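Here is a short set of exercises to work through with the coordinates open beside you. Try each task on your own, then compare with the solution.

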Amino acid sequence: MADTDYDVIIIGSGPGGYVTAVRSAQLGFKTAIVEREHLGGICLNWGCIPTKALLRSAEIKHYAEHAKDYGLSISGEVKADVKAVVERSRGVSARLNGGVGFLMKKNKVDVIWGEAKLAKGGKVVVSKSSKKPMEPQHPAPKGTKGEGTYSAKHIIVATGARPRVLPGIEPDGKLIWTYFEAMVPQEMPKSLIVMGSGAIGIEFASFYRTMGADVTVVELLPQIMPVEDAEISKLAQKQLEKQGMKFLLEAKVTKVEKSGNSVTAHVETKDGKTQKITADRLISAVGVQGNVESLGLEDVGVKIERGTVVVDGYGKTNVDGIYAIGDVAGAPMLAHKAEHEGVICIEKIAGVKGVHALDKGKIPGCTYCHPQVASVGLTEAKAKEAGRDIRVGRFSFAANGKAIALGEDQGLIKTIFDKKTGELLGAHMVGAEVTELIQGFVVAMNLETTEEELMHTVFPHPTLSEMMKESVLDAYGRALNA
């Protein structure tokens, strides 16, 4: 096999791409990965990881400001050093970026640096990247290959997604931000408008509000975090409003006017009226769209619908030898979905026994605001829409000893079961550390666990996880601590 010939070429090194590359190498395939900008993709460099570093700084600031609630005294004002907060976030990203490079070297995956374009006959043409290679702290791995034509029996597209842009409200990098600019502010804005209340919008709204900014969130739909259970969403909104955040629901920004160092958003409300809101900055968080352009997908006949590549449950497109995983292959656009989808795809290619198509109904979603929100499966409304006869259990953080001891007694665990079979249809949470708790219900759903098995599972005391069992008991009228 020539140096430019591979069994598998993966385009994009985000969570889906690099994890697929590692698994591909483990399965014995000669593997290469093409990257135009930075190993680790958006998630590691500009999304999942660095945002959590920012939110951790905000969380520490919050606790410091409320030290007296824990019997502690901190003299003087708690101030945020914006430059230091951002530097810490970028440092976390840089450390993990280097880790991806190490994994590629360890697993003997060739890294090809540049922009990829598909050509017929299993060819990938790599040209010089139009993007800046990496930030200074993200050096390209030694031995990286570059421009040229490469071939592979199997080509996996894992190019991710980018922020969606609304006409007339295009980000300018100064006054109107996407999550790129919002992650590296030069100074802390005193006021902020956030368009969109999905996970990205709410996380940035939570960060900036905790850092002291006056924050207004504008959401087109009737509830914040629209994919979440309505009851959980309302509780989260109530807690965020207590922190001083403002929400305009069933409203949309129709126009933005810029001045020297501020923006004025024209917001149309559900009654047809328009109000003007002026703030230092505006974050556009109205979703993301797949990176399907300039890849030659149409040239080789790959089917694209609504901005994403059409695939089956194993990542296969309509063209033999070409696959797609992660955000570019459609919702839910989550890093952990991309990773699992990639493993399924490459194991199916390798003929591994027992590979199952991805079940998107059992993929958890997490929002790392304060309070956190996490969920898996059907909401109460969706379960009813599906015609399911259900039982619903609820348990409040206010009745949990560990939550009270932590000073985090505001929250709710909600579980939804099929009344006839005891199948766990969905679990929804708001409160402290629920992004860590949700995996217990994910495992239960994947094991097809019933309510009886959950009831007979021993949970440790004192923990937040006890509320999970209590919520199950409540669904069947057997709650012990409420």
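**Exercise 1. A strand pair at the sheet edge**

Which residue does R394 stand opposite in strand 23?

Before solving, some ground rules. This is a predicted model, in which local features need pLDDT of at least 70 and side-chain atom pairs count only at pLDDT 80 or more, while totals for chains, interfaces and linings use all residues. Residues are numbered from 1 along each chain as its sequence is written, and side-chain values use heavy atoms, with hydrogens and water left out.

Solution.
- Step 1: R394 stands opposite K414 in strand 23.
- Step 2: Widen the view to the two strands: strand 22 and strand 23 (residues 412-418) run antiparallel and are joined by 7 bridges. Strands here are DSSP runs of E with at least two residues, helices are runs of H or I with at least four residues, and both are numbered from the N terminus. Two strands pair if DSSP finds at least two bridges between them.

**Exercise 2. Assemble the antiparallel sheet**

Find the order of the strands in the open sheet whose pairing is antiparallel.

Solution.
- Step 1: The sheet has 5 strands, in the order 20-21-24-23-22.
- Step 2: Strand 20 and strand 22 (390-396) each have a single partner strand, so one side of each is left without a neighbour in the sheet.
- Step 3: Neighbouring strands of this sheet are turned by 10° against each other on average, direction ignored. Axes are lines fitted to C-alpha atoms, for helices over the stretch in contact, and angles between N-to-C directions run from 0 to 180 degrees.
- Step 4: Strand 20 and strand 21 form a hairpin with 4 residues between them. They pair in the antiparallel sense over 3 bridges, and C366 stands opposite A374 in strand 21.
- Step 5: On to strand 24 (residues 424-431), which pairs with strand 21 in the antiparallel sense over 6 bridges. The bridge partner of G377 in strand 24 is G426.
- Step 6: Strand 21 (residues 372-377) is largely enclosed by the rest of the structure, because 5 of its 6 residues are buried. Buried means under 20% relative accessible area, exposed over 50%, and partly exposed in between, with a 1.4 Å probe and protein chains only.
- Step 7: Helix 11 (residues 434-446) lies across strand 20, strand 21, strand 23 and strand 24, and runs at about 10° to strand 21.

**Exercise 3. Turn to the parallel sheet**

Which strands stand at the edges of the open sheet with parallel pairing?

Solution.
- Step 1: Here 5 strands follow the order 8-15-9-10-11, with parallel pairing.
- Step 2: The edges are strand 8 (176-177) and strand 11 (246-249); each has a single partner strand, so one side of each is left without a neighbour in the sheet.
- Step 3: Strand 9 (residues 191-195) and strand 10 pair in the parallel sense over 5 bridges. In strand 10, V215 stands opposite L192 and T216 is the bridge partner of I193.
- Step 4: Strand 10 (residues 214-219) is mostly covered, with 5 of its 6 residues buried.
- Step 5: Helix 6 lies across strand 8, strand 9, strand 10, strand 11 and strand 15 (281-284), at about 165° to strand 10.

**Exercise 4. Check a helix length**

Does the end-to-end distance of helix 3 agree or disagree with the span its 18 residues should have?

Solution.
- Step 1: The expected span is 1.5 Å times one less than the number of residues.
- Step 2: For helix 3 (residues 48-65) this should give 26 Å, and the end C-alpha atoms are 26 Å apart, which agrees.
- Step 3: Its buried residues, including L54, L55 and K61, pack against helix 2 (41-46), helix 4 (82-106) and helix 6 (199-210).

**Exercise 5. A buried charge**

How far from D327 is the nearest side chain of opposite charge?

Solution.
- Step 1: D327 sits in the loop between strand 19 (322-324) and helix 8 (335-350).
- Step 2: That nearest side chain is K337, 5.7 Å away, and D327 is buried yet has no salt bridge. Lys and Arg count as positive and Asp and Glu as negative, while His and the chain ends are not counted. A salt bridge needs a side-chain nitrogen of Lys or Arg within 4 Å of a carboxyl oxygen of Asp or Glu.
- Step 3: Leaving aside neighbours within four places in sequence, D327 is in contact (heavy atoms within 4.5 Å) with G160, A161, T308, M333 and L334.
- Step 4: T308 is itself buried, with a relative accessible area of 14%.
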